[in-house]
Amino acid sequence: MESNCVQFLGNKTILITGAPGFLAKVLVEKILRLQPNVKKMYLLLRAADTKAAMQRLRSEVVEINLFKVLRNDLGEENLNDLVREKIVPVPGDISIHNLGVKDSDLLQRMWSEIDIVINIAATTNFDERYDIGLGINTFGALNVLNFAKKCVKGQLLLHVSTAYVCGENSGLAKVHGWPNTYVFTKAMGEMLVGKYRENLPLVIVRPTMITSTLAEPFPGWIEGLRTIDSVIVAYGKGRLKCFLADPNTVFDLIPADMVVNAMIATATAHSGETGIQTIYHVGSSFQNPVTFGQLHETAARYFTKKPLVARNGSPIIVTKGTLLSTMGQFSLYITLRYKLPLLILRLMNIIYPWSQGDKYNDDSRKIKLAMRLVDLYQPYLLFKGIFDDLNTESLRRRRQSIKELDGSFEFDPKSINWDDYMENTHIPGLITHVLKQ
């Protein structure tokens, strides 16, 4: 590697799609904080016009808590000046030709200035409608590629995918070998980008399950419930008494700031390498695995010591709960333990509508929630695969010689203490930034 990451970002013009999204915001903050001499960042946002795009940039990116370190370091006025100087909000949509950019002068300027294109835009809903998933994750990726090929200075397209495009897993795969709309459409997006890239340097980064920040800009920042977080929160609220999960299953988690660091490092390593296509898995299951059983133990320990508070102000008491490692066991348990008693409650509610209505509705909601979570996460809860990160590990080793100069770009999962991270960083981050308790 000829330069470290900070040097690489200096004087670069970068297009980033998906800017209001979780990962893109972590990337934008990182670049502004560590390399304010970046030349320009074009941020593609879904908006009706430039004014609306600027409003989204302000309210959904710059003004959120993620930027508090920069705000404290620079002051509000200087941060605003930096944003005005370095960031150009672009109203657009990757599902449309030319990314939906209507201003022809702006298009020409972007094509003449952009060095690096980073495509993070995606719909991550597991059960997204096919037309929406195809428009964004599949054909949207192709639209970004075609746009990048028109950039005369184009040094690299970095496309963020997902490790789970691997799809088929014996015994778990659904129709066509992918467990849900998200990974199916992302897999096809990769296929199109790989087929039509021509000589444009292409790096595909495949993160696993992205979690809250480990260290930068501060520990525990997260936005929304991501992957396993829905299960953690439902458990903390006392809504999950049982769940489908093999306690020995490895859950491949990776903090958001490590993903961003890996993205910048791969761009630094491969920018300008004509004709290359390289894939990097960014995860932890090979280097530093954590099991669902460990996560369950940590969550139980945390919420026992620091229970969530119910609406009436009382603490929510959680029990250890029951883990069932096969769908057959789970279905039988749910039927005997909940569905039959619920049927009796329903009959009683019909006969005596004033007696059991609240309990019936409460139990019914809990069962529906558990079944919904199991339906969404079953392919991951019982997933037996380990993601080989040979390319990523090789890149980490190549960076050792410049580590002293480039220490702010750590992405080695072996440095994570999972019990400490989950108990003291991730779960508190969920409670603070998502549940806002």
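Select Lys-40 and Glu-113 to begin: in this predicted model the two side chains form a salt bridge, with 3.2 Å between the closest N and O atoms. Lys-40 belongs to strand β2 (residues 40-45) and Glu-113 to helix α6 (residues 104-113), so the contact ties together parts that lie 73 residues apart in sequence. Over the structure, the count of salt bridges comes to 24.

Next, select Arg-129 and Asp-131. Their closest N and O atoms are 2.5 Å apart, and the pair forms a salt bridge. Colouring by accessibility shows Arg-129 as exposed, at a relative accessible area of 52%, whereas Asp-131 is partly exposed at 46%. The two residues fall into separate classes because the value for Arg-129 is over the 50% limit for exposed residues, while that for Asp-131 lies between 20% and 50%.

Proceed to Asp-412 and Lys-414, another salt bridge, with the closest N and O atoms 3.1 Å apart. Is Asp-412 buried or exposed? Asp-412 counts as buried, with 18% relative accessibility, and its partner Lys-414 is partly exposed at 41%. Extend the selection to Asp-389, Glu-393, Arg-396 and Arg-397: salt bridges with shared partners join these residues, Asp-412 and Lys-414 into one network.

Return to strand β2 and display the sheet that contains it. Seven strands form this open sheet, in the order β3-β2-β1-β4-β5-β6-β11, and the pairing is parallel. Which strands form the edges? They are β3 (87-91) and β11 (277-282), each of which pairs on one side only. Neighbouring strands are turned against each other by 15 degrees on average, with direction ignored.

Within the sheet, isolate β4 (residues 116-119) and β5 (residues 156-160). These two strands pair in the parallel sense over four bridges. For a specific point of reference, label Asn-119 and, opposite it in β5, His-159.

Now turn to the largest pocket, which holds about 1100 Å³ of space. To centre the view, select Ala-122, Thr-123, Thr-124, Asn-125 and Arg-226, the closest to the pocket centre of the 46 lining residues. Then add the elements around them: α2 (22-34), β2, α8 (181-196), β7 (209-211), α9 (229-236) and α13 (357-381) each supply at least two residues of the lining. Which element gives the most to this lining? It is α13, with four residues. Coloured by residue class, the pocket lining shows 26 nonpolar, 13 polar and seven charged residues.

Helix α9, already selected for the pocket, also leads to the last stop, since α9 is among the elements that give two or more residues to the lining of the largest cavity. A search of the whole structure finds five cavities of 30 Å³ or more, and about 180 Å³ of space lies in the largest of them. Select Val-231, Tyr-235, Phe-292, His-296 and Leu-323, the closest to the cavity centre of the 16 residues that line it.

Besides α9, show β8 (242-244), α11 (292-305) and β13 (322-324), which likewise give two or more residues to the cavity lining. How many residues come from α11? The helix provides four, the largest share of this lining. By class, the cavity lining divides into eleven nonpolar, three polar and two charged residues.

Key: Residues numbered from 1 in each chain as written. Predicted model: local features only at pLDDT ≥ 70, side-chain atom pairs only at ≥ 80, totals over all residues. Heavy atoms only, no water. Salt bridge = Lys/Arg side-chain N within 4 Å of Asp/Glu carboxyl O. Buried < 20%, exposed > 50% of the residue type's maximum accessible area, 1.4 Å probe, protein only. 1 Å grid on protein atoms, 1.4 Å probe; cavity = no way out; pocket = protein on both sides within 12 Å on 5 of 7 lines; lining within 4 Å. Points joined across faces, edges and corners; volume = space filled by probe spheres on them. Nonpolar A, V, L, I, M, F, W, Y, C, P; charged D, E, K, R; others polar. Pairing = 2+ DSSP bridges. Axes fitted to C-alpha atoms, helices over the stretch in contact; angles between N-to-C directions.
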